[in-house]
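Me: Please take a close look at a single part of this model, beginning with one residue and its surroundings. A connected account would be preferred to a list.

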Amino acid sequence: MSVSYSAVGWNRQKKIYDWLIFAFCISYLVIFISLNLLFNEQVTFETLLIRSTSTLAVLLLHVILSIGPLCRLNKKFLPLLYNRRHLGVTMFCISLVHGSFSLFQFHGLGNVNPFVSLFTSNTQFNSISQFPFQAFGFLALIIFFLMAITSHDFWLHNLSPRVWKTLHMFVYLAYLLVIMHVMLGVIQYETHPVFVVLVAIGSGTLIILHVLAATKEVKKDNEHFDLKQNGFVYVCDQAEFEEGKAKLFCIDKERIAVYKHEGKLYAVHNVCKHQGGPLGEGKIIDGCITCPWHGYQYLPHNGQSPPPFKEKVSTYDVAIEGTGVWINPKPYAEGTETGGATIQHQSSEVNKSLLV
Amino acid sequence: MIKKLRKRHLQIWYAFAFLLPLCIVVAWMAIPEKPVDSLLQPGRSSSMSKLVQSIEKENYTLNIRCSENEGNCQLEYINRHPLTIPSLLVYIMKPGAQIIDEHVLLGRIESRASYHFPLPAASGNDATGFILYDFIHKRIIDTIVFKDPSIQRR
């Protein structure tokens, strides 16, 4: 949670995560190479390396792209989201090996600069089966490179979250380029339909996951709160809140997370300042609202990160009338102190004079 | 994630739900019919007994071999050093051919191993030589003309 640069803030979870990635990659490569050698003794080392790294990179890319929607659909997948960037950087490194060897194998050792050869050796743009598919892979690799080198929080702060997120949204373009690279490349040379089926399953799974997750979120966004009074909107009954957890309400343009903490309700902006995580899906730990994605924390009564950290989120007025909870959707400036609303136990007195 | 970003994600994946299957299907339908494996990548076979002609180059040796009764012949390609290009196509030179596709495709060579390509009956005495063609860079690597232009076979 600091804007100064430190390479990686290692902790136990990150080490376990990274060791698992490493073990998976090594196992995959060993199994792939062994099976290939078993069934095809004539295969060269270069071909083995190119194919093993390419299939591993594509597999990792599908895993990475599925983590987001899986977490929206089921919170049990949240541990995968925690260090997703490590997976992304790993995938880029493996793709780089694949790209480098392919460039050397097919465009090196000639009179033409390999990068020039990559774009000029095949100009059959009018043929699908002979299409210069390698350029797609190269462009995707460039996108992954830019994402990998800016994956650190240092860049998130210095590029501004908006620019950083726009850059990282290019992963979807990169995915399309990778699919085209595979379909117009190796698939055109392999006769067995299993490869097409695998690509179709991978893409189909991602499409289904993303559309399901997005549809679920849209439903939440489209909830209507019609009961309004003096700028406040009725959202629910106070009995629906659990201690240390929040309920989310989408009023006007954005989501508001309302937390119950030590007998009071506090409302903060749902979007974490770090990478836009859903604060309302976290919980209160050590008196702080804790983002479920990367653990960023904010004090519930003022939306500020505990010192020495400096992140702040907007806060909102909450009122309890009887047992009904009302929120004023007009946010205060980030870091503004609010008193919260005391949960009523007996009387039906107005907790905050929302009628004023 | 802010609402705008959620909407952007939904739009992208609705577009992908249309684009990705389309791209996959179009590319799948465009897969060309391939020659039989034994033509491009002949399975392991042994050298025929009778060596008819031989040409030795720095990196490889080309032999024309025939069976004892000379009913069948083969082109034997022996790698002496690994190729510096990933793969080559071997063509039988056809007199009068202007472009590479007009020559007779015999098979494909990777960087290692020895290859035996059965010579088609139609090549007969018309074959004057062979062309080694790099199809990735679209260039002729070598043209091999045997001193005796007729391949001795019946």
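Reply: The residue chosen is Asn328(A), which touches Gly231(A), Phe232(A), Tyr316(A) and Asp317(A) when residues up to four places away in sequence are left aside. The model is a predicted one, and the description that follows should be read accordingly. In chain A, Asn328(A) belongs to strand β10, which covers residues 324–328. Is Asn328(A) buried or exposed? Its relative accessibility is 18%, and because residues under 20% are classed as buried, Asn328(A) counts as buried. The side chain of Asn328(A) also has a polar partner in the backbone: one of its polar atoms lies 3.0 Å from the backbone nitrogen of Lys330(A).

The contact between the two chains may be described next. Chain B contributes 33 residues, which are in contact with 47 residues of chain A. Between them, the two chains bury an area of about 3,700 Å², with carbon and sulfur atoms giving 69% of it. Of the area that chain B buries against chain A, 18% is supplied by Arg6(B), Trp13(B) and Ile24(B), more than by any other three residues.

Arg6(B) also takes part in a salt bridge with Asp221(A), in which the closest N and O atoms are 2.9 Å apart. The interface of chain B and chain A has 1 salt bridge by the rule applied. On the side of chain B that touches chain A, the residues divide by class into 23 nonpolar, 4 polar and 6 charged. Across this interface, 4 residue pairs are found in polar contact, with both residues at pLDDT 80 or more.

Terms used. Residues are numbered from 1 along each chain as its sequence is written. Chains are lettered from A and ligands numbered from 1 in the order in which they are written. This is a predicted model: local features need pLDDT of at least 70, side-chain atom pairs count only at pLDDT 80 or more; totals for chains, interfaces and linings use all residues. Side-chain values use heavy atoms; hydrogens and water are left out. Contact means heavy atoms within 4.5 Å. Buried area is the accessible area (1.4 Å probe) that two parts lose on being put together, summed over both. A salt bridge is a side-chain nitrogen of Lys or Arg within 4 Å of a carboxyl oxygen of Asp or Glu. A polar contact is a pair of N or O atoms within 3.5 Å; within protein, one must be able to donate a hydrogen and the other to accept it, and residues adjacent in sequence count only if both atoms are side-chain atoms. Ala, Val, Leu, Ile, Met, Phe, Trp, Tyr, Cys and Pro count as nonpolar, Asp, Glu, Lys and Arg as charged, and the others, Gly among them, as polar. Helices (H or I, at least four residues) and strands (E, at least two) are DSSP runs, numbered from the N terminus. Buried means under 20% relative accessible area, exposed over 50%, partly exposed in between (1.4 Å probe, protein chains only).
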